[in-house]
Amino acid sequence: MFSIDDVVVATKGIELGEMTVTGISAGGFYIHVTVDGMALTYPAQDLKKA
């Protein structure tokens, strides 16, 4: 599981390099991240810790 401020990378979808976790959905299925000023949401299974 991920925590706020963890650094993660995408394993599927668009690869944007290292991203910082800013939030986690209530069920834990989606992870909110930021990279280069953009806020994005990824499914948890598509991310891994950097």
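**View 1. Five strands make one open sheet, in the order β4-β3-β2-β1-β5.** This is a predicted model, and the sheet is a good place to start reading it. Pairing in the sheet is antiparallel. Look to the two edges for β4, residues 38-43, and β5, residues 47-49: each of these edge strands finds a pairing partner on one side only. Going from one strand to the next, the twist averages 45°.

**View 2. Here we zoom in on β2 and β3, an antiparallel pair held over 4 bridges.** β2 covers residues 19-24, while β3 takes in residues 30-35. Which residue of β3 is the bridge partner of Val21? It's Val33, so to speak a valine facing a valine across the pair.

**View 3. Next up is the pairing of β1 with β2, which are joined by 2 bridges.** β1 is made of residues 7-10, and it runs antiparallel to β2. To find your way around this view, pick out Val7 and then look across to Thr20, its bridge partner in β2. In the sheet order, β2 sits between β3 and β1, and this close-up picks up the β1 side.

**View 4. On its other side, β1 pairs with β5 over 3 bridges.** The sense is antiparallel here too. Ala10 is a handy landmark: standing opposite this residue is Leu47 of β5. Leu47 falls within an edge strand, as β5 spans 47-49 and pairs on one side only.

**View 5. Stepping back, the whole chain is strands, with 5 of them and 0 helices.** Read from the N terminus on, the elements simply go β-β-β-β-β. The radius of gyration comes out at 9 Å, close to the 10 Å expected from the globule rule for 50 residues, so the chain is as compact as a globular protein of that length. If you want a feel for the dimensions, the C-alpha trace spans about 25 × 20 × 15 Å along its principal axes.

**View 6. Last, a look at the surface and at what lies beneath: the chain exposes about 3,200 Å².** Carbon and sulfur atoms supply 56% of that exposed area. How much of the chain is made up of buried residues? They account for 32% of the 50 residues. As for who touches whom, take the contacts between residues at least 6 apart in sequence: 34% of these join residues at least 24 apart.

Methods:
Residues numbered from 1 in each chain as written. Predicted model: local features only at pLDDT ≥ 70, side-chain atom pairs only at ≥ 80, totals over all residues. Heavy atoms only, no water. Pairing = 2+ DSSP bridges. Axes fitted to C-alpha atoms, helices over the stretch in contact; angles between N-to-C directions. Rg over C-alpha atoms; globule rule 2.2 N^0.38 Å. Buried < 20%, exposed > 50% of the residue type's maximum accessible area, 1.4 Å probe, protein only. Contact = heavy atoms within 4.5 Å. Areas by Shrake-Rupley, 256 points an atom, 1.4 Å probe, with all protein chains shown as cover.
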